[in-house]
Amino acid sequence: MTSRTNAHNDAPPPINRDLNETTVPTGSEASPPTLGLAGLMTALSALLLSVVSFAATGIAVPNIGTSLQATAAEQSLVVSVYTLGFAAPMVVGGRLGDLFGRRRLFLIGMAGFTMASLASMLAPTITILIVARALAGVSAAAMVPQVLATITASTQGRERARAVGLFGATAGGATAVGQVLGGVLLSVPLLGAPWRTVFAMSVIMGVIAFLAALRWMPATNAPGHRSLDLIGTVLLGSALLALLIPLSQGGALGWPAWSWVLLGAVPVLFAAFWMRQHSLHRSDLVPLVPPPLLRLGSYRLGLVMALILQSAFGAFTFLYALTTQTGLGWSPMNAALVLLPFALCFFAASIWAGKLAPRFGFRRLLTIGGIVQAAMLAVTAWSVYVQSDDLNPLTLAALLVGVGIGQALMFGPLVGAMIADVPPTSAGAASGVLQTVQQAAMGLGVAVAGGFLGTALTGSTTATSGQIYATALAVCMLVQAGFAIVFALCALALPKR
């Protein structure tokens with residue numbers, strides 16, 4: 001490997017000997033395709049649709065349970081199987097896009113997602129709905145990695161910074177948008193049971209996005225060997241499932257023995273996968289994840305920062321939904337509307353951050369974002385704890401605006417800093433790894449938050465339910481504030497750019 005390392009000390013090592021090749025598969029003279037505003041909006045539609053569908057389904061789960069007479073475990077599976085299907089094959093989806101064309105994988109994934117959403121809308125039983133949601137997750141894993149990969153392969157400089165800003169705005173704001181849309185659609189039962197309207201929305205959005213991709217999505221890929229590491233795919237998929245299944249189901253089932261066995265197998269499976277990737281790389285074959293990708297300092301540190309950011313955010317969204325609806329008795333619509341100013345400010349600040357990044361640098365924006373979010377989370381946690389079960393929705397909505405601004409300065413610039421040194425030929429793999437880490441981190445945050453909340457509920461005999469939930473949310477935000485400070489310190493170690 002050392003013989004393929006760049007001779008200049010300040011330059012990052014190449015990912016593979018194909019890295020400097022153009023992303024256009026025909027002709028070395030051809031210039032890379034341009035994305036354009038219509039192409040960018042089309043690409044982002046996959047990210048928007050996947051997150052909005054997930055968030056809206058979470059709001060609709062109680063209605064699904066009543067309509068299909070589903071047990072609590074079955075209702076939980078409606079949400080968790082989508083996450084499992086989404087996260088486990090994400091890296092494979094990114095790599096397939098590199099090899100066989102990102103536009104092609106985008107279209108295949110969007111078509112599959114739309115058909116799975118149609119099957120969900122028409123599902124007569126809870127079993128069919130669970131299977132359809134799992135297929136929707138797998139389809140999302142095919143289309144979503146192509147979003148960031150296409151941005152990386154077809155934009156540069158300020159255009160890339162603005163595109164990444166919109167990517168961050170979409171990823172962060174879509175959760176709140178999905179919750180609001182879910183609340184609205186559940187109040188408009190056009191198809192008999194209100195929850196069917198939620199999936200009808202995904203079908204309509206999917207058809208529009210597919211037609212738009214046929215017209216505006218640029219075709220990019222990474223020329224080279226058309227092969228896929230099947231053994232590595234099995235090892236990575238097994239490792240991710242062994243991690244995510246216990247995280248999503250273990251707490252609800254009381255952490256049975258099999259969940260600990262699976263968690264114990266995770267490091268062994270990941271180690272076997274990584275050894276195979278090194279072996280393929282040394283043999284000049286095509287690994288699923290190029291090992292030198294993690295030798296890029298900004299990308300490696302960015303993965304740690306993404307883990308910090310997403311695990312904290314996952315815990316917050318989980319506890320927020322339970323605190324407001326179960327603990328305080330708010331309606332799903334009321335709980336979602338409180339998050340709407342957060343989502344709007346996140347979106348606006350993300351666009352603003354994308355414009356500022358070329359001028360002020362990723363590192364400075366990330367540091368400021370971490371500090372702002374830590375301060376606002378501390379204030380918000382104090383307010384939630386003091387008000388307890390008399391929590392004022394308007395006060396919380398106003399404070400969350402500041403939290404959203406801080407998070408916007410963290411998310412979009414982080415993605416920009418991570419992909420700055422990633423060559424287009426590895427864009428799909430880099431995107432898949434990043435988004436897999438984000439999904440796993442969200443699951444980890446939810447699992448830890450769920451365990452903490454369960455302990456609080458069983459350990460208190462004097463406080464009301466609302467007080468227990470509000471205290472748990474306040475503690476979660478204080479921990480999230482601490483994570484934001486760690487995030488800011490990590491940002492200082494990023495290269496100046």
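## Helices and overall make-up

Count up the secondary structure of this chain and you get 16 helices and zero strands. Keep in mind that what you're looking at is a predicted model. Of the 497 residues in the chain, 56% are buried. The accessible surface adds up to about 19,800 Å², and carbon and sulfur atoms hold 69% of that.

How do the contacts spread along the sequence? Take the contacts in the chain with a separation of 6 or more: 84% of them join residues 24 or more positions apart.

## Checking one helix

Helix α13 covers residues 362-387, and you can test its length with a bit of arithmetic. At 1.5 Å a residue, its 26 residues should span 38 Å, and the C-alpha atoms at its ends are 37 Å apart, so the two values agree. Step just past α13 and you meet Ser388, which has a positive phi of about 55°.

## The second largest pocket

Next up is some open space. The second largest pocket holds about 510 Å³. Its lining is made of 20 residues, and those closest to the centre are Phe270, Leu303, Val433, Thr436 and Val437. Four elements give two or more residues each to this lining: α9 (230-250), α10 (257-282), α11 (297-327) and α15 (427-459).

Which element gives the most to the lining of this pocket? That's α15, with six residues. Sort the lining by class and you find 18 nonpolar residues, one polar and one charged.

## Cavities inside

Rolling a probe the size of a water molecule over the atoms shows where empty space is left. In the whole structure, the search turns up four cavities of 30 Å³ or more. The second largest cavity has about 60 Å³ of space.

Its lining includes Gly172, Thr175, Ala176 and Gln179, along with Phe313, Phe316, Thr317 and Tyr320, plus Leu339 and Phe342. At least two lining residues come from each of α7 (157-186), α11 and α12 (332-360). By class, the lining of this cavity has six nonpolar and four polar residues, with no charged ones. Helix α11 has turned up before: it also gives two or more residues to the lining of the second largest pocket.

## Arg95 in α3

Is Arg95 buried or exposed? Arg95 sits in helix α3 (residues 90-100), and its relative accessibility is 9%, so it counts as buried. Leaving out neighbours within four places in sequence, Arg95 is in contact with Leu228, Val286, Pro287, Leu288, Thr425 and Gly428.

## Leu35, just ahead of α1

Leu35 belongs to the segment before α1 (36-68). Its relative accessible area is 6%, so Leu35 is buried. What does Leu35 touch, apart from residues up to four places away in sequence? The list runs to Leu40, Thr150, Ile151, Ser154, Thr155, Glu159 and Pro218. Pro218 is worth a second look: Leu35 and Pro218 are 183 residues apart in sequence, but 6.2 Å apart in space, C-alpha to C-alpha.

## Val138 in α5

Val138 is part of helix α5 (residues 126-143). With a relative accessibility of 43%, Val138 counts as partly exposed. Beyond neighbours within four places in sequence, Val138 makes contact with Gly85 and Phe86. Pro89 comes into the picture too: from C-alpha to C-alpha, Val138 and Pro89 are 6.9 Å apart in space, with their positions 49 residues apart in sequence.

Key. Residues numbered from 1 in each chain as written. Predicted model: local features only at pLDDT ≥ 70, side-chain atom pairs only at ≥ 80, totals over all residues. Heavy atoms only, no water. 1 Å grid on protein atoms, 1.4 Å probe; cavity = no way out; pocket = protein on both sides within 12 Å on 5 of 7 lines; lining within 4 Å. Points joined across faces, edges and corners; volume = space filled by probe spheres on them. Nonpolar A, V, L, I, M, F, W, Y, C, P; charged D, E, K, R; others polar. Buried < 20%, exposed > 50% of the residue type's maximum accessible area, 1.4 Å probe, protein only. Contact = heavy atoms within 4.5 Å. Areas by Shrake-Rupley, 256 points an atom, 1.4 Å probe, with all protein chains shown as cover. Expected span 1.5 Å × (residues − 1).
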